[in-house]
Amino acid sequence: MSTPSPVEPGWYVVAPRTQRSWDGTRWTDDVIHHGRPMTATALRQRTTRMMWAWVAIGVVAWVTFLVMLVAFGPSAAVPLAVLPLAGTAAVVAVSISGSRLIAALPPA
């Protein structure tokens, strides 16, 4: 029975536009994201903050829609319907992309 050959040390793509350093035995904390060097921990924290910011934007869009609906009645619902749709789309899109990036960068 043969043993698998070790993977060479180097930089490997772990997510779109994100590379992580492999030292030959384990992942290091060094990451290059969009051409900028940083640590995996800093990238995880930044991505988590970004996800929460987009969730807040989505919630604000929904609240604005509901306040305007109550203030101006159902006649305002049609033109304002774009707010919750845009807010929901923002939350879903950033949750998918952000969670993929966070999952691609397990703790060192």
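User: Which residue in strand 2 stands opposite alanine 15?
Analyst: Opposite alanine 15, in strand 2, stands threonine 18. Strands here are DSSP runs of E with at least two residues, helices are runs of H or I with at least four residues, and both are numbered from the N terminus.

User: What sort of model is this, and how are the residues numbered?
Analyst: This is a predicted model, in which local features need pLDDT of at least 70 and side-chain atom pairs count only at pLDDT 80 or more, while totals for chains, interfaces and linings use all residues. Residues are numbered from 1 along each chain as its sequence is written, and side-chain values use heavy atoms, with hydrogens and water left out.

User: OK, back to the strands. How many bridges join strand 1 to strand 2?
Analyst: Strand 1 (residues 10–15) and strand 2 (residues 18–22) run antiparallel and are joined by five bridges; two strands count as paired if DSSP finds at least two bridges between them. Across this pair, valine 13 stands opposite glutamine 19, and tyrosine 12 has arginine 20 as its bridge partner.

User: And which residue in the hairpin between them takes a positive phi?
Analyst: That is arginine 17, with a phi near 60°, in a hairpin that has two residues between the strands. The hairpin of strand 2 and strand 3 has four residues between its strands, and there glycine 24 takes a positive phi near 105°.

User: How many bridges does strand 2 make with strand 3?
Analyst: Strand 2 and strand 3 are antiparallel and share four bridges, and the partner of glutamine 19 in strand 3 is isoleucine 32.

User: What is the strand order in the sheet?
Analyst: The sheet is open, has four strands in the order 1-2-3-4, and pairs them in the antiparallel sense. Strand 1 and strand 4 (36–39) are at the edges with a single partner strand each, so one side of each has no neighbour in the sheet. On average, neighbouring strands of this sheet are turned by 35° against each other, direction ignored; the axes are lines fitted to C-alpha atoms, for helices over the stretch in contact, and angles run from 0 to 180 degrees between N-to-C directions.

User: Is strand 2 mostly covered or mostly open?
Analyst: Strand 2 is mostly covered, with four of its five residues buried, where buried means under 20% relative accessible area, exposed means over 50%, and partly exposed lies in between (1.4 Å probe, protein chains only). In the protein chain, buried residues make up 27% of the 108 residues.

User: Which strands does helix 1 lie across?
Analyst: Helix 1 lies across strand 2, strand 3 (27–33) and strand 4, and runs at about 95° to strand 4. Read along the sequence, the chain follows the pattern β-β-β-β-α-α-α.

User: What is on the surface of that helix, say at tryptophan 54?
Analyst: Tryptophan 54 lies in helix 1 (residues 40–72) and is partly exposed, with a relative accessible area of 36%. Together with Met50 and Ile57, Trp54 makes a nonpolar surface patch of about 270 Å². Patches are made of residues with over 30% relative accessible area and no salt bridge, joining like charges within 9 Å and nonpolar side chains (Val, Leu, Ile, Met, Phe, Trp, Tyr) within 5 Å; accessible areas come from the Shrake-Rupley method with a 1.4 Å probe, and for residues only the protein chains shown count as cover.

User: How far is valine 60 from proline 84?
Analyst: Their C-alpha atoms are separated by 8.9 Å, although valine 60 and proline 84 are 24 residues apart along the chain. Valine 60 also lies in helix 1, and this residue is exposed, at a relative accessible area of 52%. Alanine 56 of helix 1 is partly exposed at 39%.

User: Changing topic: how many salt bridges does the structure hold?
Analyst: The structure holds one salt bridge, meaning a side-chain nitrogen of Lys or Arg within 4 Å of a carboxyl oxygen of Asp or Glu. The side chains that meet in it are those of arginine 26 and aspartate 23, at 4.0 Å from N to O.

User: Are those two buried or partly exposed?
Analyst: Arginine 26 is partly exposed, with a relative accessible area of 47%, and aspartate 23 is partly exposed at 35%.

Technical notes: Contact = heavy atoms within 4.5 Å.
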